[in-house]
Amino acid sequence: MKKFWGILIAVIIVIFAVGFFGWNYVPGMIAKRVSKMAKVKVTIGHISLLPKKIGVYDFVMNNPKGSSIPRALKVKKTIAKAPISNYFKDDVVIDEITLSNVYLGLEFEKAFDTKSNWTTIINNINSSSKSDPDSSEDNSKTTVLIKRLVITNLNVDMVFRQGNQKVKRLKPIPRMEFQNLSSEGGIPSNQLTSLIINEMMKDVLHKKLQNLFKEALQPGGSGSSPFGGLKSLFGKTPE
């Protein structure tokens, strides 16, 4: 009997050890997938998993090679609230996603130009989503709905590649909130990535930073924003 209990305990320890070390590889696997989509280096500190909540911590996305600012995006904490079973359904519904303590690096070629580091990254993500071999016919009708997306404490650095390339720290955005974001077609992880990044960038560039760009370029002055054409950069989140 003692031998039996000894073997059983040893088996349990092995199972827990395999599970623990296996789970430690998950952040790297997810980061590698996002990195492949965006074609830039991505790292994730760690991930927590509970029955109704997933946490992603210390997410970092680098800028494309040759950029002046090393980081395109840093998110200290991301919390997604939804039962784990929801992610395995054809219609994925997430009650709330919160991104806390977010850093955004913006690089434009020059003033009055719409070419930026983020046009490159988003184009990479969108094209990768279309050509992803995992986006099988089974996923063609998969939908994703984020009922509520909240971004808090967003800090933005901006630089023009032409000129003195001085980095400007813009006024922090305390809170951004979105309701009922949806996407259709492709695997859920690709849809989630595209939804969050596209919506955040559209709101930042279209609404929140127009006056801040003016301030950064013409302190105390007035006039039209040199980024009026940014609206054309982001359309409907692609399948």
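**Notebook: the largest pocket and the chain around it**

I began with the lining of the largest pocket, and I noted that its residues divide into 26 nonpolar, four polar and two charged. I keep in mind throughout that this is a predicted model.

Next I looked up the extent of the largest pocket, for which the computed volume is about 1,100 Å³. I counted 32 residues in the lining, and I wrote down Ile 30, Ile 54, Val 56, Ser 189 and Leu 192 as those that lie nearest the centre of the pocket.

Which elements each supply at least two residues of the lining? I found two helices and four strands on that list: helix 2 (26–38) and helix 4 (188–208), together with strand 1 (42–50), strand 2 (53–62), strand 3 (71–81) and strand 5 (96–108). Helix 4 gives the largest share of the lining, which I recorded as eight residues.

I then turned from the pocket to the protein chain as a whole, where I found five helices and eight strands. Reading along the sequence, I took down the pattern α-α-β-β-β-β-β-α-β-β-β-α-α, which opens with two helices and closes with two helices.

For burial, I noted that the chain has 239 residues and that 45% of them are buried. The area that the chain exposes is about 13,400 Å², and I saw that carbon and sulfur atoms supply 58% of it.

My last entry concerns contacts along the chain: taking those between residues at least 6 apart in sequence, I found that 67% join residues at least 24 apart.

Key: Residues numbered from 1 in each chain as written. Predicted model: local features only at pLDDT ≥ 70, side-chain atom pairs only at ≥ 80, totals over all residues. Heavy atoms only, no water. 1 Å grid on protein atoms, 1.4 Å probe; cavity = no way out; pocket = protein on both sides within 12 Å on 5 of 7 lines; lining within 4 Å. Points joined across faces, edges and corners; volume = space filled by probe spheres on them. Nonpolar A, V, L, I, M, F, W, Y, C, P; charged D, E, K, R; others polar. Buried < 20%, exposed > 50% of the residue type's maximum accessible area, 1.4 Å probe, protein only. Contact = heavy atoms within 4.5 Å. Areas by Shrake-Rupley, 256 points an atom, 1.4 Å probe, with all protein chains shown as cover.
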